[in-house]
Amino acid sequence: MKIEELKDLGFEMVSDGDGEIDHGYACDLLSEVMGKAKPDTVWLTVQSHINIIAVAAITGIRAIILCNDHKFDEETIQRAKKEKIALFKTALNTFEACGKIYQKGIR
Amino acid sequence: MLLSKIAEIVNGKMLWDFEDKNCSVCGATDMVSELLAVGRDGMVLVTGLATSQMLKAADIVGVGGIIVVRGKEMNEEFIEMAKSYKIPLISTKLVMFTTCGLLFCAGLKDINGNSVELYKWKV
Amino acid sequence: MESVDDLIRKIQPYFSELSVGDLMSSPVVTVREDQRINEAKELLRTRRISGLPVIDDGGRLKGIISIEDIIHALENNMLNSNVSEIMTKNVVCLTKDEKIMDAFKKFEMYGYGRFPVVDENKNVIGIVTKYDLMIALLAKLSVLYVHDARREQFVGVEIYRSIPKNVKIVREEFEFQIDYKDISMAGTGASELKKFLISKNFPPKFVKRVAIATYEAETNVVIHSNSTGRIKAYIEPEFVEVRVNDNGKGIENIDLAMKEGFSTAPDYVREYGFGAGMGLANMKRCADRMVILSSKGNGVFVEMHFWRHEDEN
């Protein structure tokens, strides 16, 4: 799936990024994500702390969807742009957002 | 949807002999405050955080059952505590994303009442 | 339960250096003595204020007119008379250099809701209400946050008027010592309080609200204070007050701490599912009224009020 396609699913793009999405991962515990997430993943979380960008950059996560109407702060957005990691936000909660992406065939 | 059916869908194990019951709403988070914010009476909670703090918060918001994902080990103490709160516990090796995906597609609703029916026409 | 008066009384000795000039509202809405009472009434209504200083052509203070005076005028069919006919003439004033303690004494001594502030020529330069006094004190004390679900309706008016004053709590009902050294204990006090309230036959929906807010306040003590803390709850059939305080380092930046998503929690805490910066938002959502007092080095004091809502019975 192209990163662009997440937009078509209704997720609001906050900043663009590089690459393709093959997998989905949902978790709010950074060390877990660090240990378990595969490359080329879209990561769904409610964590907006700047550390999420470092976690994404290290694991090869391509896009982050911030669920439940949480907001990214400017620092996080700037860092994401630098690392070319796409950021999205949504009013959907993690459960529904996962379901929506899962339904599109992402595993 | 019966908890036993939910356990079957996620290939999960029921961790104590709780009474089977119907749950129609589901939410997923690893954050305690998030659970406190969105938790609803009778909601199935999907979480990777098997801690006593999460259990206390789950009890406070009145969740109907907890699915612990990523095959997290739980000690006897944790299970006993869930029992004392009468909160059904299911464990699955699946990750949160897959657990949510399967349950959503099987028809569980989110806390706002949204279900897979909303998206079916787009497939 | 404490009224605003009690709260002010309790904290005012700490701020003896504040003067009236620091906290008065200025410029002031005034009315001229030769204007009609009807005009004064409209001013009070449109500006949503409860009293007006009355001035002469030169801006000098001649009297003061309050809502009560207007009601009298209404009853006596005097709305077309001049303001000067019903105003209170011997007005007790403040000057801008008077200390906050003196202002407070005047409030207590005279029982008025507002005092005009005048300069040496008796020109009106400001006004001080109890609300101004409270806001100034709270700001100085670095009050993190004052939230009142009923407040919206009373913006600009003496906001706490809406709080029932007849609630009198005579004894403490629940107390819990917070163990800050063990993060796995976080939430225990809230759980205990939940059990306690259920045992006192409070309805589950209401108890949930109280317990969620208490859980967050308790967690804050465990994560941030690095000190001992205590939860106290006082109950009445229709009302619960919860106080959570610690003796830790306090909160430095008010605005930042109130921002949703902001958290100073250390990384290891995030791995326990805390530190998403949602705690205060949850407390605000659940409590009908919340006051957080904190200053650097003096710990944090949280007071939350919960009234039983109609749909919670």
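Below, a biologist asks about a predicted model and a modeller answers.

Biologist: Which pattern does chain A follow, read along the sequence?

Modeller: This is a predicted model. Chain A holds 5 helices and 5 strands. Read along the sequence, their pattern is α-β-β-α-β-α-β-α-β-α.

Biologist: What radius of gyration does chain A have, and why does it agree with a compact globule?

Modeller: The C-alpha atoms of chain A fill a box of roughly 30 × 25 × 25 Å along the principal axes. Chain A has 107 residues, so a compact globule would have a radius of gyration near 13 Å. Chain A agrees with that, at 12 Å.

Biologist: What percentage of the residues in chain A are buried?

Modeller: A residue counts as buried if 20 or more other C-beta atoms lie within 10 Å of its own. Contacts tell of the fold too: among those in chain A with a separation of 6 or more, residues 24 or more positions apart account for 52%. As for burial, the share of the 107 residues in chain A is 52%.

Biologist: Is strand β3 of chain A mostly covered or mostly open, and which residues lie on each side?

Modeller: β3(A) spans residues 41–45 and is mostly covered, with 5 of its 5 residues buried. Both of its faces are covered. One side carries T41(A), W43(A) and T45(A); the other carries V42(A) and L44(A).

Biologist: Which residue of β3(A) stands opposite Y25(A)?

Modeller: Strand β2 of chain A, residues 23–26, runs parallel to β3(A), and 4 bridges join the two. The chain gets from β2(A) to β3(A) through helix α2, residues 30–36, in a right-handed β-α-β crossover. Opposite Y25(A) in β3(A) stands W43(A).

Biologist: Which residue of β4(A) stands opposite T45(A)?

Modeller: β3(A) is also joined by 4 bridges to strand β4 of chain A, residues 63–66, and these strands run parallel. Between β3(A) and β4(A) the chain passes through helix α3, residues 51–59, and this β-α-β crossover is right-handed. Opposite T45(A) in β4(A) stands L66(A).

Biologist: Which element gives the largest share of the side of chain A that touches chain B?

Modeller: Here 20 residues of chain A are in contact with 25 residues of chain B. On the chain A side, the elements giving two or more residues are β2 and α5 (94–103). That side divides into 9 nonpolar, 6 polar and 5 charged residues. The largest share, 8 residues, comes from α5(A).

Biologist: How many charged residues are on the side of chain C that touches chain A?

Modeller: In this pairing, 4 residues of chain C are in contact with 9 residues of chain A. The chain C side divides into 1 nonpolar, 1 polar and, as charged residues, 2.

Biologist: Why is helix α3 of chain B largely enclosed, and which elements of chain C do its buried residues pack against?

Modeller: The helix covers residues 52–61, and 9 of its 10 residues are buried, so α3(B) is largely enclosed by the rest of the structure. Among the buried ones are M54(B), L55(B), K56(B), D59(B) and I60(B). Within chain B, the buried residues pack against α2 (32–38), β3 (44–47), β4 (65–68) and α4 (76–84). In chain C, they pack against α8 (188–199) and α9 (204–225).

Biologist: Which residue just after α3(B) takes a positive phi?

Modeller: The buried residues of α3(B) include V61(B). Just after the helix, phi is positive, at about 80°. The residue is G62(B).

Definitions and conventions:
Residues numbered from 1 in each chain as written. Chains lettered and ligands numbered in written order. Predicted model: local features only at pLDDT ≥ 70, side-chain atom pairs only at ≥ 80, totals over all residues. Buried ≥ 20, exposed ≤ 12 C-beta atoms within 10 Å, placed from the backbone. Pairing = 2+ DSSP bridges. Right-handed = clockwise from strand over helix to strand, strands pointing away. Contact = placed C-beta atoms within 7 Å. Nonpolar A, V, L, I, M, F, W, Y, C, P; charged D, E, K, R; others polar. Rg over C-alpha atoms; globule rule 2.2 N^0.38 Å.
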